[in-house]
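Here are my comments on the model you sent, set out as numbered points. They begin with one helix and then widen to the chain as a whole.

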Amino acid sequence: MKNRFKQFITALCMLALFNSCFDLEPENFSKIDSDLFPSTEQDLRAAVVGCYNVLGIAYVMRYIQTCDLLISELTTDALNTSWGDPWSQTSQFIWTANNMAAKDLYFRYQQGITKSTKIMDAIEKSDMLEQDKAHGIAELKALRAFFMFRLYSLFGPVPVVRDPKIATDVTQEWKPSRPTKEDYVQNMIDDIETSYQDLDIEVEESERGRFTQGASLMTLLKIYLHEKQWDKVVEVANRIEALGVYDVELTTPYEDVFNIANENVNNKEVILYIGRISTDSNFSWSWFACVLPATPAYQSTTGVNITVWGGLKTPWDYYDKFEPGDKRLVNLFRYFTDTDGNLVDFKTVDHPKATGAIPMKYSEDPNQRGEWQGNDVILYRYADVILAKAEALNELYGPTDESIELINKVRRRAGVSEIAVSDYDQNGLRDFILEERARELYCEGHRRDDLIRHSKFIEYAQARGAYAHDYHVLFPIPQTALDENGKLLQNEGYEK
């Protein structure tokens with residue numbers, strides 16, 4: 001049964017959604033105005049929703065060129081661009097500490113961490129029911145761990161505000177040095193392990209989009225995958241499966257997972273998503289406008305007049321990773337009908353923006369308004385768990401019947417040929433899993449981390465002509481953050 005805290009959070013989420021309450025201005029991560037500190041129970045509950053807003057802004061910003069999803073794909077072989085800066089700057093690895101699209105993410109995630117810390121402390125000191133306190137703090141720890149992990153992936157271990165005294169006292173000077181990698185990683189793990197069981201295993205449809213036990217554990221799985229702690233990856237994958245609420249056999253057709261008609265229904269593959277709606281530009285995104293072709297002009301299948309800019313595509317080399325007839329190509333297409341009714345083979349089009357296949361990923365939004373679409377954005381889904389476990393098992397034991405069956409689960413749904421244990425040694429299967437993740441999870445924000453984990457991020461970038469060096473596996477700390485804190489050291493390779 002829903003408790004009072006969860007009922008109120010749901011109401012506040014809906015109120016926020018329809019009143020466009022995203023704060024789009026960067027906030028100094030080490031200073032939060034004490035006058036804005038939550039003082040009532042209602043304020044505390046609203047403040048939790050505000051932390052979800054930070055997630056929506058940072059990961060799928062309406063200004064898509066500076067969001068995590070785009071940066072995590074455009075720096076890889078999964079996307080290219082025919083546009084200039086900041087798009088080409090990101091794609092070609094020519095960013096600097098003073099000028100990079102990822103700068104906003106540094107401060108956004110810092111903002112989310114600080115807010116989460118502050119509100120956790122306020123909830124702990126409040127008169128709320130103990131079960132409500134536990135649930136609210138667990139949500140905030142899950143969010144804080146997510147923010148910390150994304151910050152860590154992009155910039156490495158950096159100082160973050162986990163002390164409520166620092167989060168709430170604007171008079172206190174806070175200029176710490178960088179933490180060790182070990183301490184930073186352990187703090188993320190502790191946040192999840194000490195709290196995830198206070199979250200719901202499953203939520204009602206009206207509350208989807210909030211962190212559940214599975215979503216929190218999924219961040220933990222990502223942390224262990226990043227750190228190559230393979231036994232822990234297997235353990236956490238098993239814990240997610242044991243929750244008993246996900247489509248572990250992948251019975252949902254691939255196309256249906258991303259069909260807007262299936263949002264807010266019983267989609268058992270989705271573990272966490274960010275809700276979008278096209279009727280408010282603050283809560284929508286412009287992916288279709290970025291990827292759809294303008295010449296020849298794409299004909300909408302829903303009759304909606306979609307604004308099209310068309311500067312992002314999936315390179316043909318990446319498209320060719322798929323077998324003919326792969327069902328996952330349904331929204332990554334080479335062929336389409338133009339506005340004159342002609343069937344277009346986009347690979348044969350001679351145009352500066354015809355640089356690859358069209359990665360729609362999601363079905364069209366029949367309520368799209370110009371460039372703004374309202375498809376919910378999937379952050380975590382169960383196919384990722386399956387492939388992560390297969391990868392970990394291969395690293396531990398080499399190809400086994402279990403790891404091969406996990407991969408074949410994904411491939412059977414895609415309608416492509418199955419593989420056998422005898423087909424691969426450990427190195428060969430490692431490479432195959434990386435490419436299977438490319439096919440299954442394209443344009444979902446995982447490719448950069450996958451390539452870095454496999455030590456192919458720089459190699460692939462150099463192969464396509466990007467100005468990439470080994471140190472580019474991390475972005476530089478923004479110069480403004482360095483100027484504010486003289487103890488904060490720059491990432492290697494970017495020093496003056």
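1. In this predicted model, helix H8, which covers residues 181–193, can be checked against its expected length: at 1.5 Å a residue, its 13 residues should span 18 Å, and because the end C-alpha atoms are 18 Å apart, the two values agree.

2. Which residues of H8 are buried? They are Tyr 184, Val 185, Met 188, Ile 189, Asp 191 and Ile 192, and since they cover an arc of only 160° around the axis, they lie on the same side of H8. The cover over these buried residues includes H6 and helix H9 (213–227).

3. Helix H6 (residues 130–155) also matters for the largest nonpolar core, to which it gives the largest share, 14 residues. That core holds 151 residues, and the members touching the most others are Phe 155 and Phe 211. Leaving aside residues up to four places away in sequence, Phe 155 touches Met 100, Ala 102, Tyr 106, Arg 178, Leu 474, Phe 475, Pro 476, Ile 477, Pro 478 and Asn 491.

4. Turning to the whole protein chain, there are 19 helices and eight strands, and 61% of the 496 residues count as buried. Of the contacts with a separation of 6 or more, 75% are between residues 24 or more positions apart.

5. As for overall dimensions, a compact globule of 496 residues would have a radius of gyration near 23 Å, and the protein chain, with 22 Å, agrees with this. The C-alpha trace spans about 65 × 50 × 45 Å along its principal axes, while the accessible surface comes to about 19200 Å², 48% of which belongs to carbon and sulfur atoms.

Notes
Residues numbered from 1 in each chain as written. Predicted model: local features only at pLDDT ≥ 70, side-chain atom pairs only at ≥ 80, totals over all residues. Heavy atoms only, no water. Core = buried A, V, L, I, M, F, W, Y, C linked by side-chain atoms within 4.5 Å. Buried < 20%, exposed > 50% of the residue type's maximum accessible area, 1.4 Å probe, protein only. Helix = DSSP H or I, 4+ residues; strand = E, 2+ residues; numbered from the N terminus. Contact = heavy atoms within 4.5 Å. Expected span 1.5 Å × (residues − 1). Arc of directions from axis to C-beta. Rg over C-alpha atoms; globule rule 2.2 N^0.38 Å. Areas by Shrake-Rupley, 256 points an atom, 1.4 Å probe, with all protein chains shown as cover.
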